[in-house]
Amino acid sequence: MTEIRSNRIQYIENLFLNHDVTISKTQAEKFYDFYSLLIEKNKSVNLTAITEFEEVVIKHFLDSVSLVRNISMENVKLMLDLGTGGGFPGTPIKMLYPHIDITYVDSVDKKLKFISECCEKLDLGEAKICHARAEDLARDAEYREKYDLCTSRAVADLSVLSEYCIPFLHENGIFAAYKSGDSEDEINGAKPAIKELGGKIIDVDEFEWEGMHRKIVLINKVKKTPAKYPRKAGVPKKNPLGK
């Protein structure tokens, strides 16, 4: 193991432990290998604008696993990661909690192929990938109302994300939306849509980690989503519920 690799693995391990995120040396090594794969693939596929090592670890890896502050991941069996891009938050979560069966959804096939390659090379098992639009996939009985947890770090209004994500959850499932620290108006504005979709905000976790001001909105699905949702592809974004 080279000195640079060794030092970077130690940095990952220390950073996570400093934020009370349990991680083993072996898992830290996988995070470093994931970083290496991400940067190499990013030369040919646009996966991230963030490439400097410490920034990737903080803004992608640590941020992805920050939902463990409020969710008992040991109880999560089925998770769907919508708009996963380069595999965030799904792959970092999978590395810490290998028992979770994660479905990765994105509209860009090249990004999903990268995730599949990563899961194989990092010994995370075969990745379940779906090259589809959320509006179409959420109407498929194989995916609708099946998941314990749905996550999204996608840049979209919470009303829109809720219409995409809540239909995938079974009753009592959780939608965790990653948001910036200044998203209070957006969160309040999404409440009518969330209620209409069968959800209820149970917590807004606001925190600062390593200079990141973040909110994670936790939405509990308290009743079935009406069959008419999500609406046809493109409609939720063009005409958000409750707006």
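**Entry 1. Strand 5 and its partners**

I began with serine 152, whose bridge partner in strand 5 is alanine 177. I note here that the model is predicted.

I then looked up how strand 4, residues 147-152, relates to strand 5, residues 169-180. The two strands run parallel and are joined by five bridges.

I next followed the chain through helix 7, which spans residues 158-165. Together with strand 4 and strand 5, helix 7 makes a β-α-β unit, and I recorded its hand as right-handed.

I also checked how strand 5 pairs with strand 7, residues 212-221. I found seven bridges between them, in the antiparallel sense. As one position in this pairing, I noted isoleucine 174, which stands opposite asparagine 220 of strand 7.

Strand 5 is thus recorded with a parallel partner in strand 4 and an antiparallel partner in strand 7.

**Entry 2. The largest pocket**

I turned to the largest pocket and noted a volume of about 860 Å³. I counted 33 residues in its lining. Those that lie nearest the centre of the pocket are Gly83, Thr84, Asp106, Ala154 and Val155.

I then asked which elements give two or more residues to this lining. They are helix 3 (53-64), strand 2 (101-106), helix 6 (134-137) and helix 7. Helix 7 provides the largest share, three residues. I had already entered helix 7 as part of the β-α-β unit with strand 4 and strand 5.

Finally, I sorted the lining by class and recorded 15 nonpolar, 10 polar and eight charged residues.

Key: Residues numbered from 1 in each chain as written. Predicted model: local features only at pLDDT ≥ 70, side-chain atom pairs only at ≥ 80, totals over all residues. Heavy atoms only, no water. Pairing = 2+ DSSP bridges. Helix = DSSP H or I, 4+ residues; strand = E, 2+ residues; numbered from the N terminus. Right-handed = clockwise from strand over helix to strand, strands pointing away. 1 Å grid on protein atoms, 1.4 Å probe; cavity = no way out; pocket = protein on both sides within 12 Å on 5 of 7 lines; lining within 4 Å. Points joined across faces, edges and corners; volume = space filled by probe spheres on them. Nonpolar A, V, L, I, M, F, W, Y, C, P; charged D, E, K, R; others polar.
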